[in-house]
Amino acid sequence: MIKLRFCRAIRHLLLVGSALLCAFPLLAQEIKIGLKTEPTALDPQFFLLTSNLQVAAHIFEGLTRLDEKIQVQPSLAQSWRAISQTVWEFKLRSHVTFSDGSPFTAQDVVFSINRVAKVPNSPSSLTIHTRNIDRVEIVDPLTVHVH
């Protein structure tokens with residue numbers, strides 16, 4: 001009787017152990033990015049430093065992106081056009097969600113652009129890229145006007 005219980009216990013232990021070993025690689029996933037220097041922050045608006053921007057490019061998306069020929073391509077914006085000499089309209093991609101499942105909307109674009117000048121303790125602000133923006137206006141949940 002004791003021998004039978006011992007055999008069952010060993011069998012269960014081996015079964016659980018092998019299941020854990022099979023699952024371990026799923027938990028141990030990692031990403032490796034080769035950089036010349038270490039990033040100083042993962043906040044894409046904290047510090048205009050090449051290593052920070054290189055890492056951010058693997059985590060965050062912008063409204064547009066540059067392709068291998070340095071041509072502007074759609075990313076979170078599916079299209080854009082000048083509607084006057086001082087206003088650009090961006091149409092956002094639908095059905096885009098953040099990692100927590102919440103939807104990406106025009107309100108997120110407004111927040112992100114307005115946040116650039118307000119990042120606390122930023123040693124090198126990205127306002128050089130937003131200083132010519134007067135305001136960002138929400139037209140509808142998937143459209144913004146950048147003045």
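Buried means under 20% relative accessible area, exposed means over 50%, and partly exposed covers what lies in between. I'm putting that at the top because the first residue I looked up, Phe98, has a relative accessible area of 39%, so I'm logging Phe98 as partly exposed. Note to self: this is a predicted model.

**Entry 1: aromatic rings**

I asked how many aromatic pairs the structure holds. I got 2. The one I wrote down is Phe98 with Phe104, an edge-to-face pair. Their ring centres are 6.2 Å apart, and I get 70° between the planes. An angle over 60 degrees counts as edge-to-face, so the 70° of this pair earns the label.

**Entry 2: Phe104**

Next I stayed with one partner of that pair. Is Phe104 buried or exposed? I find a relative accessible area of 9%, so Phe104 goes down as buried. Phe98, at 39%, is partly exposed.

Where does Phe104 sit? I located Phe104 in the loop between strand S4 (88-92) and helix H3 (106-115). I then listed what Phe104 touches, leaving aside neighbours within four places in sequence. Leu63, Leu76, Leu92 and Val96 are among the contacts. So are Thr97, Phe98, Val109 and Leu142. I also checked Phe104 against Arg93: they are 11 residues apart in sequence, and I read 8.6 Å from C-alpha to C-alpha.

**Entry 3: the strands around S4**

Since the Phe104 loop follows on my list from S4, I looked up how S4 pairs. Strand S3 (residues 77-82) runs antiparallel to S4, and I count 5 bridges joining them. One bridge I noted puts Ser79 with Lys91 in S4. The link from S3 to S4 is a hairpin through 5 residues.

Which way do S4 and strand S6 (residues 143-146) run? I have them as antiparallel, with 4 bridges between them. Here I picked out Trp88, which stands opposite Val146 in S6.

**Entry 4: Ser51**

Last lookup, another part of my list. I placed Ser51 in helix H2 (residues 50-56). With a relative accessible area of 2%, Ser51 is buried; the cut-off for that is under 20%. What is Ser51 in contact with, once its neighbours within four places in sequence are left aside? I noted Leu35, Thr37, Glu38 and Pro39.

Note on methods: Residues are numbered from 1 along each chain as its sequence is written. This is a predicted model: local features need pLDDT of at least 70, side-chain atom pairs count only at pLDDT 80 or more; totals for chains, interfaces and linings use all residues. Side-chain values use heavy atoms; hydrogens and water are left out. Helices (H or I, at least four residues) and strands (E, at least two) are DSSP runs, numbered from the N terminus. Buried means under 20% relative accessible area, exposed over 50%, partly exposed in between (1.4 Å probe, protein chains only). Contact means heavy atoms within 4.5 Å. Rings of Phe, Tyr and Trp (its six-membered ring) pair if their centres lie within 6.5 Å; planes under 30 degrees apart count as stacked, over 60 as edge-to-face and the rest as tilted. Two strands pair if DSSP finds at least two bridges between them.
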